[in-house]
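Reader: I am new to this structure and should like to understand the terms used to describe it. Might we go through them together?

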Amino acid sequence: MSEIFTPGPAGRQADTNPHKQELIDAGVPEEMHDWLSAHGVGRLVAKMGIRFLEMTADRLVATMPVEGNEQVAGILHGGAHLVLAETLGSFGAGIHAGPGRHAVGIEISATHHRSASSGLVTGTATAVHLGNTLTTHEVVMTDEDGRRLSTARITNMIRESR
């Protein structure tokens, strides 16, 4: 018997997406589940608690809790800002790349403007450039009061998949 066939009502095939629950938990729109079925959103995204609210090549929005992502001083770790920024910029580049191509990050930088010690951080990535071989997104992280916490820029190279 095939591993992907589960006898049951109407003899339907089981869902073949091993990452389905991970995608649902991360807020990934259902129309993108096929695209992400082979890899999911990634273990780091799940560990950081990142949850997507919008996903297009031009604009991506996601939240991330401060709790569990703090540095020893009790504020959101600067690296956590970059994880959120890279996640959003890379997913945007991947969406733009389309089938048969993929994105790889080649540069990221950030400026931290203020700290956050609780609540949710929202990252909003806006495409600055969506080219054939390079994409650049600006990612702004804000706190629950809408105050800017950091500004990042990520550039990805678009490559043909092998």
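Author: The questions below concern the terms applied to this predicted model.

Reader: What makes up the secondary structure of the protein chain, and in which pattern along the sequence?

Author: The protein chain has four helices and six strands. Along the sequence they follow the pattern α-α-α-β-β-α-β-β-β-β.

Reader: How do you know that strands E2 and E4 pair?

Author: Two strands pair if at least two bridges are found between them. Strand E2, residues 59–65, and strand E4, residues 120–130, share seven bridges, in the antiparallel sense; the requirement is therefore met. Within this region, Met64 stands opposite Val121 of E4.

Reader: What makes E4 and strand E5 a pair, and what joins them?

Author: The same reasoning applies. Eight bridges join E4 to E5, residues 134–142, and the two run antiparallel; since at least two are needed, the strands count as paired. Thr126 has Glu138 in E5 as its bridge partner. A hairpin of three residues leads from E4 to E5.

Reader: In which order do the strands form the sheet, and which of them are called edge strands?

Author: The six strands form an open sheet in the order E1-E2-E4-E5-E6-E3, with antiparallel pairing. Strand E1 (51–55) and strand E3 (101–112) are called edge strands because each pairs on one side only. From one strand to the next, the twist averages 20°.

Reader: Why does the span of helix H4 agree with what is expected?

Author: Helix H4, residues 78–97, has 20 residues. The expected span is 1.5 Å times one less than the number of residues, so H4 should span 28 Å. Its end C-alpha atoms are 28 Å apart, and the two values therefore agree. Just after H4, Gly98 takes a positive phi of about 80°.

Reader: Where does H4 lie with respect to the strands?

Author: H4 lies across E1, E2, E3, E4, E5 and strand E6 (148–160). To E3 it runs at about 145°.

Reader: What share of the residues is called buried, and on what ground?

Author: A residue is called buried when its relative accessible area is under 20%. Of the 162 residues of the protein chain, 37% count as buried.

Reader: What is the exposed area of the protein chain, and what share of it do carbon and sulfur atoms supply?

Author: The protein chain exposes about 9200 Å², and carbon and sulfur atoms supply 51% of that area.

Definitions and conventions. Residues are numbered from 1 along each chain as its sequence is written. This is a predicted model: local features need pLDDT of at least 70, side-chain atom pairs count only at pLDDT 80 or more; totals for chains, interfaces and linings use all residues. Side-chain values use heavy atoms; hydrogens and water are left out. Buried means under 20% relative accessible area, exposed over 50%, partly exposed in between (1.4 Å probe, protein chains only). Accessible areas come from the Shrake-Rupley method with a 1.4 Å probe; for residues, only the protein chains shown count as cover. Axes are lines fitted to C-alpha atoms, for helices over the stretch in contact, and angles run from 0 to 180 degrees between N-to-C directions. Contact means heavy atoms within 4.5 Å.
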